[in-house]
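I opened the notebook to record a few look-ups in one structure. The entries are short and go site by site.

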Amino acid sequence: MAWTCGGSSNDELIDNLIRGGLISSSKVAAAMRKVDRGHYVPRGRDPYEDSPQPIGFGATISAPHMHAHAAENLLPSLVKADIPGGAILDVGSGSGYLTAVFHHLAPRAKVVGIDHIKGLVDQSIVNLKKDGVELGAVEGGVHIICGDGRLGSPENAPFQIIHVGAAAPEIPPALIEQLAKPGRMFIPVGDWSQDIWQIDKDEHGHVTKQKLFGVMYVPLTDAKKQWRE
């Protein structure tokens, strides 16, 4: 049903994702209803179509069904992150959309969105404010920073959740290092052939890796290779 779940409004999009089996959790559905995709997709594009959309600077916002997959997969660890001191990292946060969804799923956690393109960082801050997300609010809050997401954010680690929104040729060691004990990462890996990998670290620090399904993402690369400002 993926790619066929679009709608004419945000609510219709979420309804169709539920009907198509992409969303099974009421928590994920409620969080995605609170984040209007129309605030994160540039004018002239169809924000509620179930497909990736360009957002400028050589980047895209993923298709809604991929955001649903990520939220559903990470939900068990998102619940664990929803505590004072909990932390979530959204690498390649782009438009800020999924960063906002994570915030609504774990409102007491610090949610950090990181992107290496300053123009995207600035644009995502505008999008989040337009969508009613207060940056740096009480509890953990939402924080958008500019930097190389492959290196994570050591000053905000450890993270119960790490989501990566672009495909790395291999899993960045810094991100595994910054996973909490326990913690989970959802990351596309590969060059021409890409797959989503689920990386889990248990309470003893033991790491397990599981390949989930094939995908096609933009590459997680150097800022200058993606966009020359």
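The entries below cover a charged residue, a helix pair, an arginine and some backbone angles, in a predicted model.

**Entry: Asp131**

I located Asp131 first, in the loop that runs between α5 (118–130) and β5 (141–146). Is Asp131 buried or exposed, and which side chain of opposite charge is nearest? I found Asp131 buried and without a salt bridge. The nearest candidate is Lys130, at 8.8 Å. A salt bridge needs a side-chain nitrogen of Lys or Arg within 4 Å of a carboxyl oxygen, so Lys130 does not qualify.

I then looked for a polar partner and found His39, whose side chain makes a polar contact of 2.6 Å with that of Asp131. His is not counted as positive, so His39 does not enter the search for opposite charge. I also listed the contacts of Asp131, setting aside neighbours within four places in sequence: Lys34, Val35, Asp36, His39 and Tyr40. His39 thus appears in the contact list and as the polar partner.

**Entry: α3 and α4**

I took helix α3 (residues 64–81) and helix α4 (residues 97–105) as a pair. Their axes come within 11 Å and cross at roughly 35°. I noted the crossing of α3 and α4 as right-handed. Which residues make the contact? On α3 I wrote down His67, Ala70, Ala71, Leu74, Leu75 and Leu78. On α4 they are Tyr97, Leu98, Phe102 and Leu105.

**Entry: Arg150**

I found Arg150 in the loop between β5 and β6 (159–164). Its relative accessibility is 23%, so I filed Arg150 as partly exposed; the cut-off for buried is under 20%. The side chain of Arg150 makes a polar contact of 2.9 Å with the side chain of Asp148. I also checked Arg150 against Ala168: they are 18 residues apart in sequence, and their C-alpha atoms are 8.4 Å apart.

**Entry: backbone angles**

I went through the backbone with one expectation: most residues other than glycine have a negative phi, and most peptide bonds are trans. Where did I find cis bonds? One is the peptide bond from Ala157 to Pro158, with omega near 5°. Pro158 lies in the loop between β5 and β6, the loop that also holds Arg150. Another cis bond joins Lys181 and Pro182, with omega about 5°. Pro182 sits in strand β7 (residues 179–189).

For phi, I noted Phe57, a residue other than glycine with a positive value near 60°. Phe57 is in the loop between β1 (53–56) and β2 (59–61).

Conventions
Residues numbered from 1 in each chain as written. Predicted model: local features only at pLDDT ≥ 70, side-chain atom pairs only at ≥ 80, totals over all residues. Heavy atoms only, no water. Helix = DSSP H or I, 4+ residues; strand = E, 2+ residues; numbered from the N terminus. Buried < 20%, exposed > 50% of the residue type's maximum accessible area, 1.4 Å probe, protein only. Polar contact = N/O pair within 3.5 Å; in protein donor to acceptor, adjacent residues only side chain to side chain. Contact = heavy atoms within 4.5 Å. Axes fitted to C-alpha atoms, helices over the stretch in contact; angles between N-to-C directions. Left-handed = near helix turned anticlockwise from the far one by under 90°.
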